Amino acid sequence: RRMETRAAAASDTRIFRRELGLVCGLYFIAAIYHSSWGLPNGNQTWAADSVAPMTPLAVAYKTFAENGFDSGYFYFKYPVGHQLLLAAATAPVVAIAYARGDLSGISADYPFGFAQPEAYLAAMAMIARLLSALFATGIIAMVGEIARRAHDRRAGVLAALVAAGCYPLLFYAHTSNVETAFLFSAMLALYGPIRGVEDGAPTGLRLMGAAAAMAISTKEQ
């Protein structure tokens, strides 16, 4: 009987993962639909408080080269954690521009040394927006997983669907704003201890600590 119970639980989990995967897949499509709206637009963004394409690289420079990593430097009103993540994600665009001979030297002013600035800045903006879409999709997945662990498979799928219908989340998934990144890390900090307690392993608690640190490093409340 115990083996039958385990087999039933494993089957239920597989069904849930397929259902949640479908919800998340459809949500990601919605999150990237028309995500290129307004591009190219130089080093500007159309959404309030969104991160301009060159900002992460400027923050990385100020953090590591100009001020020093332990200087306490803040970008505008936000910590630098998410900016450094975006800098790492968009740095390959700069490397490609350099390899193709389209980057003569980094400058603080437009066109920042690019021979074709609009194309490269648009690519960097798209990378930031795609990261937001991935974070938003991850939020949907964690909402579903937390609800399943707290109750059952049906509750998990319903919770994911309800979260997917949250308009502000879908809106910010199309921007380079820090909101989805912060909420993703905060949700991960909630998911970590739930998984850790259920599995009886310290991995979940370590995940909670790392995710909470990243949340604070993304947007200090």
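This text walks through the predicted model, from its overall build to its salt bridges.

Start with the fold. The protein has eight helices and zero strands. Read from the N terminus, its elements run α-α-α-α-α-α-α-α. The C-alpha atoms fill a box of roughly 70 × 40 × 30 Å along the principal axes.

Next, the packing. Of the 221 residues in the protein, 42% are buried. Take the contacts between residues at least 6 apart in sequence: 69% of them join residues at least 24 apart. The accessible surface comes to about 12200 Å². Carbon and sulfur atoms account for 64% of that surface.

Now the charges. The protein carries 17 positive and 15 negative charges. Their mean positions lie 12 Å apart. Some charged side chains pair up, and the structure holds seven salt bridges.

Look at Arg153, which takes part in two of the pairings described here. One partner is Asp12, with the closest N and O atoms 2.9 Å apart. Asp12 sits in helix α1, residues 2–32, while Arg153 belongs to helix α5, residues 153–164, so this salt bridge ties together parts that are 141 residues apart in sequence. The other partner is Glu19, again with an N to O distance of 2.9 Å. Glu19 lies in helix α1 and Arg153 in helix α5, so this pair links parts that are 134 residues apart in sequence.

How accessible are these three side chains' residues? Asp12 has a relative accessibility of 29%, so it counts as partly exposed. Arg153 is at 25% and therefore also counts as partly exposed. Glu19, at 27%, is partly exposed as well. The cut-off matters here, because buried means under 20% relative accessible area.

Move on to helix α4, which spans residues 117–150. Within it, Arg148 forms a salt bridge with Glu145, and the closest N and O atoms are 2.9 Å apart. The two residues are three apart in the helix, about one turn. Arg148 is buried, and Glu145 is buried too. This pair is part of a wider set: Arg17, Glu145, Arg148 and Arg149 are linked in a network of salt bridges.

Put the pairs side by side. Arg153 of helix α5 reaches Asp12 of helix α1, and Arg153 also pairs with Glu19 of helix α1. Arg148 and Glu145, by contrast, both lie in helix α4.

Conventions
Residues are numbered from 1 along each chain as its sequence is written. This is a predicted model: local features need pLDDT of at least 70, side-chain atom pairs count only at pLDDT 80 or more; totals for chains, interfaces and linings use all residues. Side-chain values use heavy atoms; hydrogens and water are left out. A salt bridge is a side-chain nitrogen of Lys or Arg within 4 Å of a carboxyl oxygen of Asp or Glu. Helices (H or I, at least four residues) and strands (E, at least two) are DSSP runs, numbered from the N terminus. Buried means under 20% relative accessible area, exposed over 50%, partly exposed in between (1.4 Å probe, protein chains only). Contact means heavy atoms within 4.5 Å. Accessible areas come from the Shrake-Rupley method with a 1.4 Å probe; for residues, only the protein chains shown count as cover. Lys and Arg count as positive and Asp and Glu as negative; His and the chain ends are not counted. The place of a charge is taken as NZ of Lys, CZ of Arg, CG of Asp or CD of Glu.
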